Amino acid sequence: MLLLLLLASHPANATVVIYQSGYAHVSIYASIPPGQQLNLSLLGVPEDLEVELQNGSSLSYRLSDGELLIPPGPGGFIRVEYYTMSLVSKGPLAWYVNLTTPYPTDLWLPENATLVYVSGIPREISAEGYSLLLELGPGSWEVSYVLPPPSPPP
């Protein structure tokens, strides 16, 4: 139900989950009207891309210059999921996320990460379990964080 309300107020929204390895899992949810083509901007360079309707059936698509082009079809709510290494980089002191998004985006930092810097003011920052959630509006974002040193084996 929450997804339906979000899609009613925005044409699309995204969730980005950052793992300790620097990989990111991206999910984009959108609504496509019946018989219309949909162009979605992707966040980063996708690996293992999946595009499905809400009922789980796969959709045909074409990638072009960072955009996902979905030809006219039955319409409905769609889910785009993929992994990417292109959003996160590791510096000598911290990890850096560089993200340009046209969508409201939930950014989940890795477990036990400490937020060091955010280039703007997120809509909200909260914690769930051991992970921080930054609710970002559309735009360009830089986020840096540090991870605790690994624990020595017992």
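**Two open sheets, a nonpolar core and a salt-bridge network**

An open sheet of four strands, arranged in the order β8-β9-β14-β11, shows antiparallel pairing in this predicted model. Its edges are formed by β8 (88–90) and β11 (114–118), each of which pairs on one side only, and the twist from one strand to the next averages 25 degrees. Within this sheet, strand β9 (residues 95–101) and strand β14 (residues 139–146) run antiparallel and are joined by seven bridges; W95, for instance, has Y145 in β14 as its bridge partner.

An open sheet of seven strands is also present, with the order β4-β7-β2-β1-β10-β13-β12 and with mixed pairing. Here the edge positions are taken by β4 (47–53) and β12 (124–128), each pairing on one side only, while neighbouring strands are turned against each other by 15 degrees on average when direction is ignored. Strand β2 (residues 24–32) and strand β7 (residues 76–84) run antiparallel in this sheet and are connected through nine bridges, with I78 in β7 serving as the bridge partner of A30. In general, the strands of a sheet pair through backbone hydrogen bonds, in either a parallel or an antiparallel manner.

The largest nonpolar core comprises 37 residues, of which I28, L40, I78, V80 and L107 touch the most other members. The greatest contribution to this core comes from β2, which supplies five residues. When neighbours within four places in sequence are left aside, L107 is in contact with V16, I18, V97, L132, L133, L134, L136 and V143. In soluble globular proteins, nonpolar side chains tend to be buried together.

Charged side chains are considered next. The count of salt bridges comes to two. In one of them, E52 is paired with R79, and the closest N and O atoms lie 2.1 Å apart; this pair links distant parts of the chain, since E52 belongs to strand β4 and R79 to strand β7, with their positions 27 residues apart in sequence. R79 also forms a salt bridge with E81, for which the closest N and O atoms are 2.4 Å apart, and E52, R79 and E81 are thereby linked in a network of salt bridges. Side chains of opposite charge can pair when their charged atoms come close. Both acidic partners in this network fall under the 20% limit for burial: E52 is buried because its relative accessible area is 17%, and E81 likewise counts as buried because its relative accessibility is 17%.

Definitions and conventions. Residues are numbered from 1 along each chain as its sequence is written. This is a predicted model: local features need pLDDT of at least 70, side-chain atom pairs count only at pLDDT 80 or more; totals for chains, interfaces and linings use all residues. Side-chain values use heavy atoms; hydrogens and water are left out. Two strands pair if DSSP finds at least two bridges between them. Axes are lines fitted to C-alpha atoms, for helices over the stretch in contact, and angles run from 0 to 180 degrees between N-to-C directions. A nonpolar core is a set of buried Ala, Val, Leu, Ile, Met, Phe, Trp, Tyr and Cys residues joined through side-chain atoms within 4.5 Å. Buried means under 20% relative accessible area, exposed over 50%, partly exposed in between (1.4 Å probe, protein chains only). Contact means heavy atoms within 4.5 Å. A salt bridge is a side-chain nitrogen of Lys or Arg within 4 Å of a carboxyl oxygen of Asp or Glu.
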